[in-house]
Amino acid sequence: MAQIYDRKPGIASDAPDYTKALSNHPSSEENVLGGSAIAGEVSEFEERRGDLEKAKSAEGAAHFKRLGWKRLTIVLIVEAVALGSLSLPKVFATLGMFLGVFLTISLGLIAIYTSHIVGQVKLKYPHVAHYADAGRLLMGKFGYELVGMMFVLQLTFLVGSHTLTGTIALGNMSNNAICSAVFGFISAIVLLLLAIPPSFAEVAILGYIDFASVLLAIGITMVATGVQRSAKEGGMSSSDWSAWPKSDLTFSHAFISISNIVFAYSFCMCQFSFMDEMHTPRHYIKSIWALGIFEIVIYTLTGALIYAFVGSEVQSPALLSAGDTISKVAFGVGLPVIFISGSINTTVVGRYIHGRIYANSVVRFINTAKGWATWLAVISVITVVAYIIAEVIPFFDDLLSISSSLFVSGFTFYFPAMMWFKLLREGSWFTRRNIILGLMNGFCFIIGIVVLVCGTYASIADIIDKFKEGKVRGVFTCAPIA
C-alpha cells in the first residue's frame, strides 16, 4: 500500500492504464463488456485509494494529538517569553518603576483570565482549531475572514520581529562585520529551517533549550548590569532610576511602552492552535497558570532590576545594556530563544494557512509528498514576508508596538471579552456571577479598544517622527540597526 502513489499523484504505480484500455474497445458490445471489467478495476483502485487516505488521516490525527499540559506549558513559554522580556527595562525607564511594575503585574493577571476564557471556548466548541474559527462563532463568515487575516498578519509580524532581533544579535556579536540586510537574511533562513517540523509536540522538545536560553540570557544581563553599577562611584545609589514617568514623556512614547507590555502577554493568540493538539484539552488550565505566573515574575524582575541597575539610559533590546563584551555573550546565549520562539510562530500561521488550503484533504496532515511540498512552500512565503517587514520597520520598539496595538489588543483583550458575552454566558444577566463577570469582561473589552486606537496612533506617529528626524537607517541597507 505504501507504493500506491509512487508514480503519479492519484494513480497507482501498479494500476492498469485505463485510458489505453478504453481506446481498445471500438464496438458497442466490446465497450459494454470491457467497460464492466474496467469499472471493476477502477472501483477496486478507488477502494484502495480510499483505504490509503483513511490510513494517512488516522496517522496524521494521531501525530497531531500528542500534547500534554506540561508540553503545552513549554510550547506556550517558547511562543510567549522572548521579545517581550527584552523590551521591558526600557518600558520601565519610560513609565517609571511604579507604573512599570503595576502594569506588568495587572496586565499579566488579566491575560491569564482572558486565556482562561479562550480555553473554555475550546472545550465548549471542540471543532475550533484556530482563532479564526472562534471569529466565525462570533461574527459568522465575516468574523472568520477578519480574525483569520489578523491572525496571519500578527504571527507574520512576530516572525519579522524575531528576524529583526536576530539581525541585531548577529550584528552585535560580530561588530557589524557584514551588511545588516545579510544578517537579516541569515536570521530568516534559520527561522525557516526551525519551522519545518509541523507538530507542536516536536517543537516542545526544542522548547527546553529555549527555556534555558531565555533564563540564562536574562540572568547574565541582570548580573552584569548589577556588577557594573556596583563598580561605579557611588555604587547602586548612582543609578538615576525613578519611580515616576520621565519628565518629557509624550503621549506617543507612553502608549508605545504600554503596547510593549501588552505584546509581552500575547500567548492566548495561539492557544486554540496548541489546544487542538492536546490529548486532554481540559488540562489547559494548569498550563496557562504556570505560564502566566512565570511570565509575571520574569517580566517584573527583568524590567525592574535591569532598569534599576542601568538607569534611564537602558536600551531595547535590554541585552544591549550589558556592555560590549557581556552583551555579545548574552546575545550568543539568547540566540536559541530568538530563533526557536520565532520559528513556532511560523509553524502556527503555516498550519492555519495550510489547513485552509487543504481543509478536506489528507494533504493537510503533512504526511504525504504533496503535503510536505506545499508545507515547505507555505512557510517559505511566510518567512520572505517576515523578512521584508523586518527590513521596512527596522526599529525594535515601534515594530512590537504597532503589532501589539493592531492585533494583540484583540486577541488578548476584546475578542475574549466578546466570547464570554456571546458564547459562554449562561442564565440571567442579573445573577451575581453574571454581573461580576460582565463587568470584568466589559473592562477587558475597553482595555483592548483603548490599546487598539491609542496604541496604533502612537506607533504610527512615532515611526513618522523617527524618519523625519533621521533617527533610523533606511530600509534594506547595510547600516547597523543598533
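## How the helices of this chain cross

In this structure, helices α5 and α9 cross in a right-handed way. Keep in mind as you look around that this is a predicted model.

Let us stay with that first pair for a moment. Helix α5 covers residues 97-124 and helix α9 covers residues 251-264; their axes lie 10 Å apart and meet at an angle of about 40°. That angle makes α5 oblique to α9. Which residues of α5 and α9 meet? On the α5 side you can find Leu103, Thr104 and Leu107, and they meet Ile258, Ile261 and Val262 of α9. Sorted by class, this contact has five nonpolar residues, one polar residue and no charged ones.

### The chain as a whole

Now step back and view the full chain. Its secondary structure consists of 15 helices and zero strands, so helix pairs are what we follow here. Of its 482 residues, 54% count as buried. The chain exposes about 20,400 Å², and carbon and sulfur atoms supply 67% of that area. Among the contacts with a separation of 6 or more, 84% are between residues 24 or more positions apart.

### Two partners of helix α12

Helix α12 runs over residues 324-357, and two of the helices that pack with α12 are α6 and α7. Here are the three pairs of this report side by side.

| Helix pair | Angle | Distance between axes |
|---|---|---|
| α5 and α9 | about 40° | 10 Å |
| α6 and α12 | about 155° | 8 Å |
| α7 and α12 | about 60° | 8 Å |

Take α6 to begin with, which spans residues 131-173. Why do α6 and α12 count as roughly antiparallel? Their angle is about 155°, and angles over 145 degrees count as roughly antiparallel. The crossing of α6 with α12 is left-handed. In this contact there are 20 nonpolar, eleven polar and three charged residues.

Helix α7, made of residues 180-194, packs against α12 at about 60°. These two helices are therefore oblique to each other, and their crossing is right-handed. If you would like to find the meeting place, look for Ser187, Val190, Leu191 and Leu194 in α7; they meet Ile338, Phe339, Ile340, Gly342 and Ser343 in α12. Six nonpolar residues, three polar ones and no charged ones make up this contact.

### Two residues to look up

Tyr352 sits in α12. Is Tyr352 buried or exposed? Its relative accessible area is 4%, and Tyr352 is buried, because buried means under 20%. Setting aside its neighbours within four places in sequence, Tyr352 is in contact with His130, Ala132, Tyr144, Gly148, Phe151 and Val152. You can also compare Tyr352 with Arg364: the two are twelve residues apart in sequence, while their C-alpha atoms are 9.8 Å apart in space.

The other residue is Ser409, found in helix α14, residues 396-424. Ser409 counts as buried, with a relative accessibility of 0%. Which residues is Ser409 in contact with, leaving aside its neighbours within four places in sequence? They are Ser404, Tyr414, Gly448, Val451 and Leu452.

Key: Residues numbered from 1 in each chain as written. Predicted model: local features only at pLDDT ≥ 70, side-chain atom pairs only at ≥ 80, totals over all residues. Heavy atoms only, no water. Helix = DSSP H or I, 4+ residues; strand = E, 2+ residues; numbered from the N terminus. Buried < 20%, exposed > 50% of the residue type's maximum accessible area, 1.4 Å probe, protein only. Contact = heavy atoms within 4.5 Å. Areas by Shrake-Rupley, 256 points an atom, 1.4 Å probe, with all protein chains shown as cover. Axes fitted to C-alpha atoms, helices over the stretch in contact; angles between N-to-C directions. Parallel < 35°, antiparallel > 145°, perpendicular 65-115°, else oblique. Left-handed = near helix turned anticlockwise from the far one by under 90°. Nonpolar A, V, L, I, M, F, W, Y, C, P; charged D, E, K, R; others polar.
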